[in-house]
Amino acid sequence: MKYGRNEPCWCGSGKKYKKCHYNRTRKEKPRIYEPINSLQRALKVMRCMASTHVPSACSGRIIGAHTVSRCFLKNIAENGHVISPNTTPHSTIKNNGESIFEKIGINKASVFNGFCQTHDKQLFAVFEDNEFHATDEQCFMLAYRSICRELYNKMQVNNLSSTLRDFDKGESLITQKSFQDTLNQITDGANYGLRDLITHKNNYDKVFQNKCYSELRSYVYEINRTPPIMASVGFFPCKDFDGIKIQDLRDKKVLDFISINIFGLKDKGYLVFSWLSNSDNTCQHFVDTFDKTRNKTESIVSLLSQYCENLYINPQWWDSQNESVRSSISARLNDHMYERPIIETLGIDDWNISNFNQKKAGTPTF
Ligand SMILES: [Zn+2]
Ligand SMILES: [Zn+2]
């Protein structure tokens, strides 16, 4: 097959053929450390996710901002460390594509380069410097931080996939084709995800600007002890807690989005589900099925271990669990095809998760 040197390359990268796949078969294959280094570079996005709208302007440098506050993490730390899945490219490549649970210092745990100094301090003081009463503003800021992190991550993935385009150097034309096809399939999905997250983030920004917190739905549960697992995540729920399909990721319409935060103080904790009114359809039902589950501790740990890598565990608790509990949690974390059941009987102790404060869904006004 002949391709014009100045025509767009067949792989879909958007570059000219001569600048992209021309002669690639004869190029030297990348050495193993080259891909790892370029993956790590692609992941280094520095950007304040709050910059576009909030009343005060960005100031100070972009910092490593916590997505589970340090003041919560310190309540489950042992000698300043917690246990968390290591998802860095270096570690996953070393471990055959699996994320391994490892100790991490709480100054690094849950950190992303997604806020400037000023905004990181200002926006979250409402629950970091004040007692948690599940006020509208506190719940909103928790959810806001979650969606900022998810959007930031998706931007990283997009960066990553353009970096990956070059990794078929030195391969046969057939391998190049199937490699680029796979990449196109992945980025297609990622682009819908990016579009949906941008749409939701814009809605969160509007709510924030106008302080119309009545658009926010929150279901808050109280936990009678410091939860040994803390996490912050936002996603498009695809199955309810009965295992019934409620959304399809392949759907071309904007999917409903929910955030979940679980965190704690010295002797108690909170589990907060939040979404905006335009996600009522899916999220109200999702939370209703959670509310009916027999063992809320097993249910939430099952869910988080499957959907959330932003997960921090008390080392003492982790060590005290049976090997079967630890391996089930690890297996769920690495279950990228979502083949395991939505709720698994893991055999962990009950944390006494009870209703604290619920705000029923109303009529969407978006
Ligand atoms: Zn190309
Ligand atoms: Zn900022």
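The predicted model of the protein has an average pLDDT of 89, and 96% of the residues score at least 70. An exception is found in residues 361-366, over which pLDDT stays under 50, although the model has 13 contacts beyond four places in sequence for this stretch. Where pLDDT is low, the predicted coordinates should not be read in detail.

In its overall dimensions, the protein fits a box of roughly 65 × 50 × 45 Å, as judged from its C-alpha atoms along the principal axes. A compact globule of 366 residues would have a radius of gyration near 21 Å, and the value of 22 Å computed for the protein therefore agrees with that expectation. The chain contains 10 helices and 10 strands, and 33% of the 366 residues count as buried. Among contacts with a separation of 6 or more, 77% are accounted for by residues that lie 24 or more positions apart.

The largest nonpolar core has 70 residues, of which Leu73, Val82, Met230, Ala231, Leu304 and Tyr312 touch the most other members. Helix α5 (residues 136-164) gives the most to this core, contributing nine residues. In soluble globular proteins, nonpolar side chains tend to be buried together. The surroundings of one of these core members can be described in detail: when residues up to four places away in sequence are not counted, Ala231 touches Val68, Ile262, Leu304, Cys308, Asn310, Leu311 and Tyr312.

Three helices illustrate how buried residues are arranged. In helix α4 (residues 117-128), the buried residues are His119, Asp120, Leu123, Phe124 and Phe127. Seen down the axis of α4, these buried residues fall within an arc of 100°, so they line one face of the helix. The elements against which they pack are β1 (62-66), β4 (111-116) and α5.

Helix α6 (residues 173-210) has 38 residues, which at 1.5 Å a residue should span 56 Å, and the separation of 54 Å between its end C-alpha atoms agrees with this. Its buried residues are Gln180, Gly193, Asp196, Leu197, His200, Lys201, Tyr204 and Val207, and what covers them includes α5, β5 and β8. Following α6 comes Lys211, whose phi is positive, near 50°.

Helix α7 (residues 280-291) has 12 residues and reaches 16 Å from its first C-alpha to its last, close to the 16 Å expected at 1.5 Å a residue. Within α7, the residues Cys283, Phe286, Val287 and Phe290 are buried. They cover an arc of only 90° around the axis, and they are therefore on the same side of α7. The cover over the buried residues of α7 includes three strands, β5 (216-223), β7 (258-264) and β8 (269-276), together with helix α8 (296-307).

Strand β7 also holds Ile260, which counts as buried because 26 other C-beta atoms lie within 10 Å, where 20 or more are required. Leaving aside neighbours within four places in sequence, Ile260 is in contact with Val233 and Phe273. Ile260 and Val272 are 12 residues apart in sequence, and their C-alpha atoms are 5.7 Å apart in space.

The segment before α1 (33-42) contains Tyr17, which has 18 other C-beta atoms within 10 Å and is therefore partly exposed. Apart from its neighbours within four places in sequence, Tyr17 is in contact with Tyr3, Gly4, Arg5, Glu7, Cys9 and Tyr22. The C-alpha atoms of Tyr17 and Asn224, which are 207 residues apart along the chain, are separated by 62 Å.

Asn23 is likewise placed in the segment before α1, and its phi is near 65°, a positive value in a residue other than glycine. Most residues other than glycine have a negative phi. Asn23 counts as exposed because it has 9 C-beta neighbours inside 10 Å, the cut-off for exposure being 12 or fewer. A positive phi, of about 55°, is also found for Asn96, although Asn96 is not a glycine. Asn96 lies in the loop between α3 (89-94) and β3 (100-105), and with 7 C-beta neighbours inside 10 Å it counts as exposed.

Definitions and conventions: Residues are numbered from 1 along each chain as its sequence is written. Chains are lettered from A and ligands numbered from 1 in the order in which they are written. This is a predicted model: local features need pLDDT of at least 70, side-chain atom pairs count only at pLDDT 80 or more; totals for chains, interfaces and linings use all residues. Helices (H or I, at least four residues) and strands (E, at least two) are DSSP runs, numbered from the N terminus. Two residues are in contact if their C-beta atoms, placed from the backbone, lie within 7 Å. The expected span of a helix is 1.5 Å times one less than its number of residues. The arc is that of the directions from the helix axis to the C-beta atoms. The radius of gyration is taken over C-alpha atoms; the globule rule is 2.2 Å times the number of residues to the power 0.38. A nonpolar core is a set of buried Ala, Val, Leu, Ile, Met, Phe, Trp, Tyr and Cys residues joined through C-beta atoms within 7 Å. pLDDT is the predictor's confidence in each residue, from 0 to 100.
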